[in-house]
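Colleague: I have a model open and would like to learn how to read it with you. Could we go through it feature by feature?

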Amino acid sequence: MDLALEVDPNKIIAVGASAGGYLCLCSAMIEQFNNQQDNMLVSPEPNAMIIFNGGVNSDLLINLFSDIKEQLLLACPTEAVRGGLPPSLFFHGTEDRNIPIEDVIDFTSKMRSKGNISRLITFEGLGHGFFNYGNLNNEPYNKTLKDTEIFLREIDIQG
């Protein structure tokens, strides 16, 4: 435990939505972008990841930022799946028009095939951002909170 901050460095959870979810995955999976001036004795890899409608490949970003296509191809979580990755929980709407549910289904399946804990909870008929506070009487929001707590208890990372 870091006494100055009262943070347990073995219980760091990266959480992100949409592009932030993509960045969470990259923090755990893409090593070639680590800053060489950082103290690499301290791992940038989180101990768990919670992803809300997150991107799992670089396709959408390449369409938006074609001038950095080569770097984005290197930063593709789908291509970086290997064993030993942090446990991950994905929340995804089946009608997400930005990030197809099929991509996330394939990704989580690939993660599990490499021996990783990777769970997907789908929200039937809902699109991108379904989980935001205030949407649908907060039912999706509350469900994601409850399911996140259950997941963190199962992998033994709770406060």
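**Reading helix α4 and its surroundings**

Modeller: Gladly, and keep in mind that this is a predicted model. Let us begin with what packs against helix α4: the cover over its buried residues includes α1 (19-29), β3 (88-93) and β4 (118-123).

Colleague: Which residues of α4 are buried?

Modeller: I101, V104, F107, T108 and M111 are the buried ones. Looking down the axis of α4, these buried residues fall within an arc of 125°, so they line one face of the helix. On the other side of α4 you will find D106 and S113, both exposed.

Colleague: What does the length of α4 reach from its first C-alpha to its last?

Modeller: Helix α4 covers residues 101-113, which is 13 residues, and it reaches 18 Å, close to the 18 Å expected at 1.5 Å a residue. Just after α4, G115 takes a positive phi of about 90°.

Colleague: Let us move to the strands. How do I read side-chain directions there?

Modeller: In a regular strand the side chains alternate between the two faces of the sheet. Strand β1 (residues 13-17) shows this alternation: A14 and G16 point to one face and are buried, while I13, V15 and A17 point to the other and are not buried.

Colleague: In which sense do β1 and strand β2 pair, and over how many bridges?

Modeller: β1 pairs with β2 (residues 48-52) in the parallel sense, over five bridges. For one bridge to look at, take A17, whose partner in β2 is F52.

Colleague: And what about α1, which you named as part of the cover of α4?

Modeller: Helix α1 has its own buried residues: G21, Y22, C24, L25, C26, A28 and M29. What covers them includes β1, β2, α2 (59-64), α3 (69-74), β3 and α4. So you can read α1 and α4 together, with each listed in the cover of the other's buried residues.

Colleague: Now a single residue. Is L89 buried or exposed?

Modeller: A residue counts as buried when its relative accessible area is under 20%. L89, found in strand β3, has 0% relative accessibility and therefore counts as buried. Leaving out residues up to four places away in sequence, L89 touches M49, I50, I51, R119, I121, D147, T148 and F151. You can also compare positions along the chain: L89 and I117 are 28 residues apart, yet their C-alpha atoms are separated by 8.3 Å.

Colleague: D147 is among those contacts. Where is D147 found?

Modeller: D147 is found in helix α5 (residues 139-154). With a relative accessible area of 12%, D147 is buried. Apart from neighbours within four places in sequence, D147 is in contact with L89, F91 and I121.

Colleague: Stepping back, how many helices and strands does the protein have?

Modeller: Five helices and four strands, running β-α-β-α-α-β-α-β-α from the N terminus on. The radius of gyration is 16 Å, close to the 15 Å that the globule rule gives for 159 residues, so the protein is as compact as a globular protein of that length. The C-alpha trace spans about 45 × 40 × 30 Å along its principal axes.

Colleague: What share of the residues is buried?

Modeller: Buried residues make up 40% of the 159. As for the surface, the protein exposes about 9,400 Å², with carbon and sulfur atoms supplying 51% of it. Finally, among contacts between residues at least 6 apart in sequence, 74% join residues at least 24 apart.

Methods
Residues numbered from 1 in each chain as written. Predicted model: local features only at pLDDT ≥ 70, side-chain atom pairs only at ≥ 80, totals over all residues. Heavy atoms only, no water. Helix = DSSP H or I, 4+ residues; strand = E, 2+ residues; numbered from the N terminus. Expected span 1.5 Å × (residues − 1). Buried < 20%, exposed > 50% of the residue type's maximum accessible area, 1.4 Å probe, protein only. Arc of directions from axis to C-beta. Contact = heavy atoms within 4.5 Å. Rg over C-alpha atoms; globule rule 2.2 N^0.38 Å. Areas by Shrake-Rupley, 256 points an atom, 1.4 Å probe, with all protein chains shown as cover. Pairing = 2+ DSSP bridges.
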